[in-house]
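The exercises below work through the fold, one helix and the empty spaces of a single chain. Each task is followed by a solution in steps.

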Amino acid sequence: MALRTQPVDEVAVLGAHCDDIAIGMGATLLTLSRSNPGLTVHALVLCGAGTEREAEERAALAAFCPEAQVHLTLLEVPDGRAPSHWDAVKDGLHTFRRTCDPQVVFSTQRHDAHQDHRLLAELTPTEFRDHLVLGYEILKWESDTPTPNVFHPLDAETAEEKARLLHKHYPSQVGRDWFDEQSFLGLSRLRGVQCRSPHAEAFLAEKALLTFSGRGAA
């Protein structure tokens with residue numbers, strides 16, 4: 001059964017590092033922005049403030065959110081050290097939560113092998129307690145690919161655009177052996193197979209409420 005949402009006006013997207021959001025849900029951002037003109041995107045990234053990666057992230061989110069209003073907050077948590085900066089992460093997330101009231105929250109997922117991703121995933125629902133929170137997956141070296149339970153189908157053109165934009169807007173990462181178009185398209189094609197679509201991005205839902213409506217009177 002395909003579940004269709006109502007129009008979306010405001011979303012929050014959270015990442016531990018610059019590029020997490022685009023890798024995990026870049027094609028979904030493209031789709032949301034194009035199908036919901038005037039969308040407001042509130043973005044929080046735990047590290048990268050004041051570095052070359054901040055410029056990459058701002059340019060990337062502008063490209064992935066065409067014609068949307070993007071409000072980006074970057075913190076200064078050291079890369080790879082988020083658990084030892086628990087207070088800073090919690091405080092930053094709490095402050096960010098007070099700036100927005102999104103209809104959907106996208107964050108990292110709890111079973112991610114990277115400690116920074118995992119901490120953010122654990123803390124996100126403590127601030128966004130009454131929201132639909134969807135955890136995205138991040139392709140990387142660790143064998144931590146999750147078993148998702150929510151799929152967003154994509155056409156091949158959108159999946160390919162995501163891969164191109166990642167390569168274009170994150171030049172600092174291009175040298176990594178896994179950061180290439182074949183890797184990103186391979187994962188999205190696999191998720192597409194799992195939901196009978198050319199491509200897809202996949203998520204893990206923290207908690208969802210369903211209201212089944214009956215047929216109206218004829």
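Helices (H or I, at least four residues) and strands (E, at least two) are DSSP runs, numbered from the N terminus. The model is predicted, so that local features need pLDDT of at least 70 and side-chain atom pairs count only at pLDDT 80 or more, while totals for chains, interfaces and linings use all residues. Residues are numbered from 1 along each chain as its sequence is written, and side-chain values use heavy atoms, with hydrogens and water left out.

**Exercise 1. Describe the overall fold and dimensions of the chain.**

Step 1. The chain has six helices and seven strands, and from the N terminus on these elements follow the order β-α-β-α-β-α-β-α-β-β-α-α-β.

Step 2. Along its principal axes the C-alpha trace spans about 60 × 40 × 35 Å. The radius of gyration of the chain is 17 Å, which agrees with the value near 17 Å for a compact globule of 218 residues (taken over C-alpha atoms, with the globule rule of 2.2 Å times the number of residues to the power 0.38).

Step 3. Buried residues make up 51% of the 218 residues, where buried means under 20% relative accessible area, exposed over 50% and partly exposed in between, with a 1.4 Å probe and protein chains only.

**Exercise 2. Characterise helix H1 by its length, bend and burial.**

Step 1. H1 has 16 residues and reaches 23 Å from its first C-alpha to its last, close to the 22 Å expected at 1.5 Å a residue (1.5 Å times one less than the number of residues).

Step 2. A kink of about 75° is centred on Gly26 of H1, the bend being the angle between axes fitted to the seven residues ending at a residue and the seven starting there.

Step 3. Because 13 of its 16 residues are buried, H1 is largely enclosed by the rest of the structure.

**Exercise 3. Locate the pockets and the cavity, and give the make-up of their linings.**

Step 1. On a 1 Å grid over the protein atoms alone, a cavity is a set of points where a 1.4 Å probe fits but cannot get out, and a pocket is an open set with protein on both sides within 12 Å along at least five of seven lines; lining residues have an atom within 4 Å of a point. Grid points are joined across faces, edges and corners, and a volume is the space filled by probe spheres set on the points.

Step 2. The largest pocket has a volume of about 1,800 Å³, and among its 40 lining residues Leu3, Arg4, Thr5, Leu132 and Leu134 lie nearest its centre. Elements giving two or more residues to this lining include H1 (20-35) and strand S5 (132-136).

Step 3. The second largest pocket holds about 360 Å³, and of its 19 lining residues His17, Asp79, His114, Gln173 and Arg176 lie nearest the centre. His17 lies in the loop between strand S1 (10-15) and H1, and His17 counts as buried because its relative accessibility is 6%.

Step 4. The structure holds one cavity of 30 Å³ or more, and the largest cavity contains about 110 Å³ of space. Helix H6 (181-193) gives the most to this lining, with four residues.

Step 5. By class, the linings have the following make-up, with Ala, Val, Leu, Ile, Met, Phe, Trp, Tyr, Cys and Pro as nonpolar, Asp, Glu, Lys and Arg as charged, and the others, Gly among them, as polar.

- Largest pocket: 24 nonpolar, eleven polar and five charged residues.
- Second largest pocket: seven nonpolar, five polar and seven charged residues.
- Largest cavity: six nonpolar, two polar and four charged residues.
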